[in-house]
Amino acid sequence: MAMTSTLDTARLMEGLREQSAKTGRAVAGRDPDTPVPTCPQWPLRTLVGHLGQEHRWAAELVRTRGQLPVPDPWQADPGAPDGWARWLREGAEDLVRAVQETGADTELPTFFGPRPAAFWLRRQLSDTCVHHYDAASATGTAFEIADDLAADVISENLDLLCTPAFESVRPAAAGLRGRGERVGFRPRSGEGWVVTRAPEALRWERGPVEADVVVSGAVADLMLVVSRRLPPQDDRVAVTGDRALLDHWLTHTAF
């Protein structure tokens, strides 16, 4: 499928601001060495640094209409913990401003071929939503996300996985091809997601969920399963069908 969001540019911008602010509230003033269970190699300072760093990096990509080396999260300096909320807010605003100035529909080179500037807005929103959960779980803060944002994170994740160029960035994704097996994610309301593991490539679609293995639950919890933050055995979701197929899928979908 084409990498097109169901959310318009205004909602993507609003969502980025919203999730960055919530992440900021979760981490402000916290101990920089707090472990992040869902990013086990990172202390909280590195998580915060990475998120603000990648927003600024994406903003520069949009402004220069070029490609820059992927920054090292360990090199990011978010400053003192009492300024972390501002660090995250300013990074998000930098990206929003860059997309506004360049034009959301302006095509730019990316790792996956030419994409509109809004691609980076959507990519960073998806990452911010997931890292908001990482920060909330590390600090014991409530995680909140609107259903439309959570749903688009799932779709964006599947868009990337089903893009042929993704295998050049994450070679393990080649192991996701199959013999037509279907993996489904069924929310409590609305359309679900079905991925078909064809021999030549992956495909996904929205609609009724009929698959070899199905994960059911609230859309926010499905987002956490897809992003490998919530284990499928958690009581918040239910799995029916071929569990080994789901385990194989999750093993090979790490970003």
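Here are some worked exercises on a predicted model.

## Exercise 1: The nonpolar cores

Find which residues touch the most other members in the largest nonpolar core, then look at the contacts of F185.

**Solution.** Start with the core as a whole: it has 60 residues, and F185, W193 and W249 are the ones that touch the most other members. Next, take F185 and set aside residues up to four places away in sequence. What remains is a list of contacts made up of G192, W193, V209, V215, L222, V225, V226 and W249. Another core, of 14 residues, lies apart from the one just described, and W42, L51, W84 and A138 are among its members. As background, nonpolar side chains in soluble globular proteins tend to be buried together.

## Exercise 2: A helix and its surroundings

Decide whether the residues of helix α7 are buried or exposed, and work out what this says about the helix.

**Solution.** Go through the helix residue by residue: V219, A220, D221, L222, M223, L224, V225 and V226 are buried. That makes eight of the eight residues in 219-226, so helix α7 is largely enclosed by the rest of the structure. Now move just past the end of α7, where R228 takes a positive phi of about 65°.

## Exercise 3: One residue in detail

Describe the setting of V219: its place, its accessibility and its contacts.

**Solution.** First, the place: V219 belongs to helix α7. Second, the accessibility: V219 has a value of 11% relative accessibility, and because buried means under 20%, V219 counts as buried. Third, the contacts: leaving aside neighbours within four places in sequence, V219 meets D147, A150, A151, I154, P187 and W193. Finally, try a distance: S168 is 51 residues from V219 along the chain, and their C-alpha atoms are 30 Å apart.

## Exercise 4: A patch on the surface

Which residues form a nonpolar patch on the surface with V70, and where does F111 lie?

**Solution.** The partners of V70 in the patch are F111 and V169, and the three have about 240 Å² of accessible area together. To place F111, look at the loop between strands β1 (107-108) and β2 (115-116). F111 has a relative accessible area of 34%, so this residue is partly exposed.

## Exercise 5: Salt bridges

How many salt bridges does a search of the whole structure find? Examine three of them, giving the N to O distance and the accessibility of each partner.

**Solution.** The search finds 18 salt bridges. Let's take the three in turn.

1. R11 pairs with E18, with the closest N and O atoms 3.5 Å apart. R11 counts as buried at 15% relative accessibility, while E18, at 23%, counts as partly exposed.
2. R86 pairs with E90, and here the closest N and O atoms are 4.0 Å apart. Both residues sit in helix α3 (residues 84-102), four residues apart, or about one turn of the helix. R86 counts as partly exposed at 44% relative accessibility, and E90 counts as partly exposed at 41%.
3. E181 and R179 meet through their side chains at 3.8 Å, N to O. E181 is counted as buried at 17% relative accessibility, whereas R179, at 75%, is counted as exposed.

As a last step, follow the shared partners: salt bridges join R11, E14, E18 and D148 into one network.

Technical notes
Residues are numbered from 1 along each chain as its sequence is written. This is a predicted model: local features need pLDDT of at least 70, side-chain atom pairs count only at pLDDT 80 or more; totals for chains, interfaces and linings use all residues. Side-chain values use heavy atoms; hydrogens and water are left out. A nonpolar core is a set of buried Ala, Val, Leu, Ile, Met, Phe, Trp, Tyr and Cys residues joined through side-chain atoms within 4.5 Å. Buried means under 20% relative accessible area, exposed over 50%, partly exposed in between (1.4 Å probe, protein chains only). Contact means heavy atoms within 4.5 Å. Helices (H or I, at least four residues) and strands (E, at least two) are DSSP runs, numbered from the N terminus. Patches are made of residues with over 30% relative accessible area and no salt bridge: like charges are joined within 9 Å, nonpolar side chains (Val, Leu, Ile, Met, Phe, Trp, Tyr) within 5 Å. Accessible areas come from the Shrake-Rupley method with a 1.4 Å probe; for residues, only the protein chains shown count as cover.
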